[in-house]
Amino acid sequence: MQIVPPTIDRLPAYAAALRDGYSPDNVRGAIAAQEILARIDADAQRFIESMEDREARGPLVTLPDRSQVKRIPGFHRWMWDDDPAAPFCGAISVRWQPGSVTLPPHVLGHIGYSVVPWKRRRGYATEALAQLLVEIRDLGLPHVDITTDPDNVPSQRVILANGGVFVEAFTKPAAFGEKPGYRYRISLDPPPTALQSVR
Ligand SMILES: CC(C)(COP(=O)(O)OP(=O)(O)OC[C@H]1O[C@@H](n2cnc3c(N)ncnc32)[C@H](O)[C@@H]1OP(=O)(O)O)[C@@H](O)C(=O)NCCC(=O)NCCS
């Protein structure tokens, strides 16, 4: 499994996964998947371009309470394996504020990821995070924060396997329903190398 940039030739496998029940948004689920399919139908090229948005030119971000907020810079990578019929495995993304390691209150973490339900427990999320940590070395961030739900043990194991440490339990902002969350931190100082990747 490799993380790869979203491209127009990879789009059909991604759209097929969305139609088969995958959603990159583990809070807004199927609704978010439908919204993405609509964006792809409307303008596939523009959708692909929005996946690499280091200047935050993309559309507003819809939060779980349906409020919309300004986007911050970020980019997405797709997890891709050698399954010829369905190589799309999941997605991982990073977002940041230029010149700062802090995030606005409505951005819960620097990195988010999801694996299609039918390819989970193969180590893909763990490996994807290891690969992304190498790819973001040039952003100059001293660390990244990743948040999970308290009961999301798989995600917590992904973070811990990549050198993350538990920082705190916190209450998510009102737009996220004031639910509990766990915050983890992965140091990028010194920057990770591929050889330090966990698998
Ligand atoms: C969290 C998620 C990305 C993990 O993806 P994955 O590719 O299955 O993860 P991995 O195969 O790398 O497994 C990571 C660890 O979690 C464990 N794990 C995976 N699924 C598990 C489960 N259902 N129950 C218990 N442990 C589980 C694995 O055994 C592994 O542990 P190990 O490193 O000690 O062996 C995936 O479950 C998912 O997409 N969930 C929905 C979206 C989500 O929660 N994203 C994270 C938001 S913070």
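This text walks through a ligand shell, a helix pair and a small sheet in a predicted model.

Start at the ligand. Its shell holds 20 residues. Arg-120, Ala-125, Thr-126, Pro-154 and Arg-157 are the closest. Three elements each supply two or more residues to this shell: β7 (111-115), α4 (124-135) and α5 (153-161). Of the elements, α5 gives the most, with six residues. What is the make-up of the shell by class? Eight residues are nonpolar, eight are polar and four are charged.

Now turn to the helix pair. Helix α1 covers residues 11-19, and helix α2 covers residues 29-42. Their axes come within 9 Å and cross at roughly 145°. The crossing of α1 past α2 is left-handed. On the α1 side, the contact uses Leu-11, Ala-15, Leu-18 and Arg-19. On the α2 side, Ala-33, Ile-36, Leu-37 and Ile-40 meet them. By class, this contact counts seven nonpolar residues, one charged residue and no polar ones.

The sheet comes last. It is open and has three strands, in the order β8-β10-β9, with antiparallel pairing. Which strands stand at the edges? They are β8 (143-148) and β9 (165-171). Each has a single partner strand, so one side of each lacks a neighbour in the sheet. On average, neighbouring strands are turned by 25° against each other, direction ignored.

Look at one pairing in detail. Strand β10 spans residues 180-187 and pairs with β8 over six bridges, in the antiparallel sense. Here His-143 stands opposite Ser-187 in β10.

Terms used:
Residues numbered from 1 in each chain as written. Predicted model: local features only at pLDDT ≥ 70, side-chain atom pairs only at ≥ 80, totals over all residues. Near = placed C-beta within 6 Å. Helix = DSSP H or I, 4+ residues; strand = E, 2+ residues; numbered from the N terminus. Nonpolar A, V, L, I, M, F, W, Y, C, P; charged D, E, K, R; others polar. Axes fitted to C-alpha atoms, helices over the stretch in contact; angles between N-to-C directions. Left-handed = near helix turned anticlockwise from the far one by under 90°. Contact = placed C-beta atoms within 7 Å. Pairing = 2+ DSSP bridges.
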